[in-house]
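Morning, everyone. I have one model to walk you through, so let's put it on the screen.

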Amino acid sequence: MENGDRLTGTIAQSNVETMNLKTEFLGKFQIKWKAIEGVTAEQVLYVVDKSGQVLLGTVSTSGESFQVETAESGLVAIPRASVEFLRSEAAQAAYKAEIERLRDPSLLDLWSGNLDGGLSFAQGNAEATNFSSTLRTERKTTRDKISIYATSLFARDSTSGASETTANAVRGGTQYNINLTDRLFSFGFIDLEFDEFQDLDLRNVLGGGLGWRIRETKQTSFSLLFGGSFNQEFFSGDVTRRAGEVVLGEELSHQLFDGTSLSEKLVFYPNMSETGEFRIQFDTSISTEVGKGFAWHVTFSDRFLSNPLPDLEKNDILFTTGVRFIFGKRS
């Protein structure tokens with residue numbers, strides 16, 4: 001170590017920032033590479049540099065380079081700054097198994113997402129109950145992505161003495177993306193929606209189109225969407241409307257800083273059957289991790305309909321905040 005200490009143990013694996021070491025008395029822990037003066041490993045390690053070259057052998061450091069004693073090529077020196085990973089044989093086997101799983105995953109593999117819940121009660125002079133929940137999950141591979149999403153809202157007020165439902169809505173759907181190139185992808189989706197106070201028994205939208213990834217990094221993903229859809233709306237009172245629509249949208253996810261992320265999606269649906277009419281869907285959410293598998297979220301959702309039934313509002317806004325349960329491994 002830089003401070004003169006010497007630690008003895010088994011190297012499990014390391015990346016450019018930290019090394020995982022297992023010792024007899026201290027168990028497993030991480031050490032920052034900047035605190036390490038040198039390494040001598042008699043165990044066989046897989047050494048991976050930034051170009052993807054893999055060397056197998058015992059390892060030691062000499063100045064600013066790693067010395068890898070291989071069975072095939074003898075002693076090979078690699079600049080310390082270019083070494084990306086060190087892995088034990090067990091860690092390398094686990095890495096290969098994960099790569100194989102990613103190449104040919106089953107349909108039940110690779111799912112991740114979050115479940116949001118919000119619940120409030122008021123008792124006394126005012127009596128009210130509000131409940132909201134949101135589920136978002138996706139399965140992403142190098143070839144495609146499946147997304148499933150659902151939101152529900154229910155509110156009841158008994159302040160006046162009579163129990164009255166003041167909100168009752170359910171929204172959900174699924175989208176499938178398949179990559180055509182590194183940037184270009186094709187998508188198809190189904191959206192379903194029920195809203196008692198918009199007199200909407202069912203909105204059923206089937207659509208698809210092309211998407212273009214403007215930016216795709218670990219911190220930021222931003223895409224543009226263009227396509228078409230067929231919208232069927234069934235309202236109370238036997239009112240049915242059907243229309244072809246254009247789909248124009250954008251989707252953003254961004255890591256603001258460690259543990260805090262922003263997601264946002266805006267889609268504009270101009271009506272091709274009734275010129276001048278349109279729908280807008282907007283959703284955005286900020287979440288901050290508060291513990292392993294848990295986060296606190298603030299979510300805003302807006303559904304705008306330019307031509308609602310008579311005497312009904314055009315805008316339906318949902319604002320929620322509460323605990324978010326995160327499941328699965330993010331890609």
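Start at Glu216. Glu216 is partly exposed, because its relative accessible area is 38%. The side chain of Glu216 meets that of Arg213 in a salt bridge, 3.9 Å from N to O. Which way does the partner fall, buried or exposed? Arg213 is buried, at 14% relative accessible area. Keep in mind that this is a predicted model.

Arg213 also leads us to Ser223. Setting aside neighbours within four places in sequence, Ser223 has contacts with Arg213, and also with Phe185, Trp212, Ile214, Gly249, Glu250 and Glu251. Ser223 sits in strand 15, which covers residues 220–235. Ser223 is buried, with 8% relative accessible area. For a sense of distance, take Gly118. Ser223 and Gly118 are 105 residues apart in sequence, and their C-alpha atoms are 30 Å apart in space.

Back to salt bridges. How many are there by this rule? The count comes to ten. Look at Arg171 and Glu193. Their closest N and O atoms are 3.7 Å apart. Arg171 is in strand 12, residues 164–179, and Glu193 is in strand 13, residues 184–195, so this pair ties together parts that lie 22 residues apart in sequence. Both Arg171 and Glu193 are buried.

Next pair: Glu233 and Arg241. Their side chains form a salt bridge at 3.1 Å, N to O. Glu233 is buried, at 5% relative accessible area. Arg241 is partly exposed, at 21%. The cut-off matters here: buried means under 20%, so Arg241, with its 21%, is classed as partly exposed.

Which residues are linked in a network of salt bridges? Arg171, Glu193, Arg203, Glu233 and Arg241. That network takes in both of the pairs I just showed you.

Now the nonpolar cores. The largest nonpolar core has 17 residues. Ile11, Met19, Trp33, Val39, Val47 and Val59 have the most contacts inside this core. Which elements give two or more residues to this core? They are strand 2 (18–23), strand 4 (40–49), strand 5 (54–62), strand 6 (65–70) and strand 8 (83–87). Strand 4 gives the most, with three residues. Another core lies apart from this one. That other core has nine residues, among them Phe187, Val205, Leu225 and Tyr269.

Stay with Met19 for a moment. What does Met19 touch, not counting residues up to four places away in sequence? The list is Ile11, Gln13, Ser14, Phe29, Gln30, Ile31, Trp33, Ile36 and Val39.

On to strand pairing. Strand 9 (111–122) runs antiparallel to strand 10, residues 128–140, and twelve bridges join them. Leu115 stands opposite Leu135 of strand 10. Then comes strand 11, residues 144–157. Strand 10 and strand 11 also run antiparallel, joined by 13 bridges. Here Arg139 stands opposite Ile146 of strand 11. How many residues separate strand 10 and strand 11 in their hairpin? Three.

Leu115 and Leu135 come up again on the surface. Both belong to a nonpolar surface patch of about 820 Å². The other members are Val290, Phe294, Trp296, Val298, Phe319, Val323 and Phe325. Strand 19 (294–305) and strand 20 (315–327) are the elements that give two or more residues to the patch. Trp296 lies in strand 19. Trp296 is partly exposed, with a relative accessible area of 44%.

Last topic: backbone angles. Most residues other than glycine have a negative phi. Two residues here deserve a look. Leu110 is not a glycine, yet has a positive phi of about 70°. Leu110 is in the loop between helix 1 (89–103) and strand 9. Leu110 counts as buried, because its relative accessibility is 17%.

The second is Asp238. Its phi is near 60°, again positive in a residue other than glycine. Asp238 is in the loop between strand 15 and strand 16 (239–257). Is Asp238 buried or exposed? Exposed, at 79% relative accessibility.

That's my tour. Over to you.

Definitions and conventions. Residues numbered from 1 in each chain as written. Predicted model: local features only at pLDDT ≥ 70, side-chain atom pairs only at ≥ 80, totals over all residues. Heavy atoms only, no water. Patch = residues over 30% accessible without salt bridge, like charges linked within 9 Å, V, L, I, M, F, W, Y side chains within 5 Å. Areas by Shrake-Rupley, 256 points an atom, 1.4 Å probe, with all protein chains shown as cover. Salt bridge = Lys/Arg side-chain N within 4 Å of Asp/Glu carboxyl O. Helix = DSSP H or I, 4+ residues; strand = E, 2+ residues; numbered from the N terminus. Buried < 20%, exposed > 50% of the residue type's maximum accessible area, 1.4 Å probe, protein only. Contact = heavy atoms within 4.5 Å. Core = buried A, V, L, I, M, F, W, Y, C linked by side-chain atoms within 4.5 Å. Pairing = 2+ DSSP bridges.
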